[in-house]
Amino acid sequence: MTVRVQRDDFDPGAEVDRLTKGKTSIGAVTSFVGFVRGDASAGEAMTLEHYPGMTERQLLAIEAEARTRWPIDDVMVIHRFGRLLPGDRIVLVAVASSHRAAAFSACEFLIDWLKTRAPFWKLEDGADGPHWVDAKDDDDERADRWTTGSR
């Protein structure tokens, strides 16, 4: 398991290579890369804040929950913080498993729970000035489906 919360950008291909190197039991890797959107809803820039230590512990707890649900060989979560511009990468979640179904489900679960349960705060800078981004109901609904059994 790799969890990194960092200011610097990352190379998704290099990170997936690092995740899988020398591991011949892996049959599938599913990954998700999130970007800062350049549309009106994202503003001109975004600043991500977090609580060091607490954030990493929560990401590890989310990963541990995924391991109780699916046969996962390895997981990588990289999440950036600081000021990001449209087109910048924000997050990488990569899940390695012996079978694709587990990799797909676990990756989707991790993103849904990361989006709603990881302690990150977004401040968007737009034409009208900075404003904090509120949680979205559809993000909560996506995360809640993993607790209600309706996947």
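Two strands count as paired if DSSP finds at least two bridges between them. Keep that in mind as we walk through one sheet of this predicted model.

**The sheet as a whole**

Here 4 strands make an open sheet, lined up in the order β5-β3-β7-β8, with antiparallel pairing. Which strands stand at the edges? They are β5 (82-84) and β8 (129-132); each has a single partner strand, so one side of each is left without a neighbour in the sheet. Going from one strand to the next, the twist averages 25°. As for what links such strands, those of a sheet pair through backbone hydrogen bonds, either parallel or antiparallel.

**Who pairs with whom**

Let's go through the pairs, with one example of facing residues for each.

| Strand pair | Bridges | Example of residues that face each other |
|---|---|---|
| β3 and β5 | 3 bridges | Thr47 and Arg83 in β5 |
| β3 and β7 | 6 bridges | Met46 and Glu124 in β7 |
| β7 and β8 | 4 bridges | Asp125 and Pro130 in β8 |

So where does Met46 fit in? Met46 stands opposite Glu124 in β7, and β3 and β7 run antiparallel to each other, joined over 6 bridges. On the β5 side, Thr47 has Arg83 as its bridge partner.

**A closer look at β3 and β7**

Is strand β3 mostly covered or mostly uncovered? Strand β3 (residues 45-50) is mostly covered, with 5 of its 6 residues buried. Buried here means under 20% relative accessible area. Strand β7 covers residues 120-126 and pairs with β8 in the antiparallel sense. In that pairing, Asp125 sits opposite Pro130 of β8.

Terms used: Residues are numbered from 1 along each chain as its sequence is written. This is a predicted model: local features need pLDDT of at least 70, side-chain atom pairs count only at pLDDT 80 or more; totals for chains, interfaces and linings use all residues. Side-chain values use heavy atoms; hydrogens and water are left out. Helices (H or I, at least four residues) and strands (E, at least two) are DSSP runs, numbered from the N terminus. Axes are lines fitted to C-alpha atoms, for helices over the stretch in contact, and angles run from 0 to 180 degrees between N-to-C directions. Buried means under 20% relative accessible area, exposed over 50%, partly exposed in between (1.4 Å probe, protein chains only).
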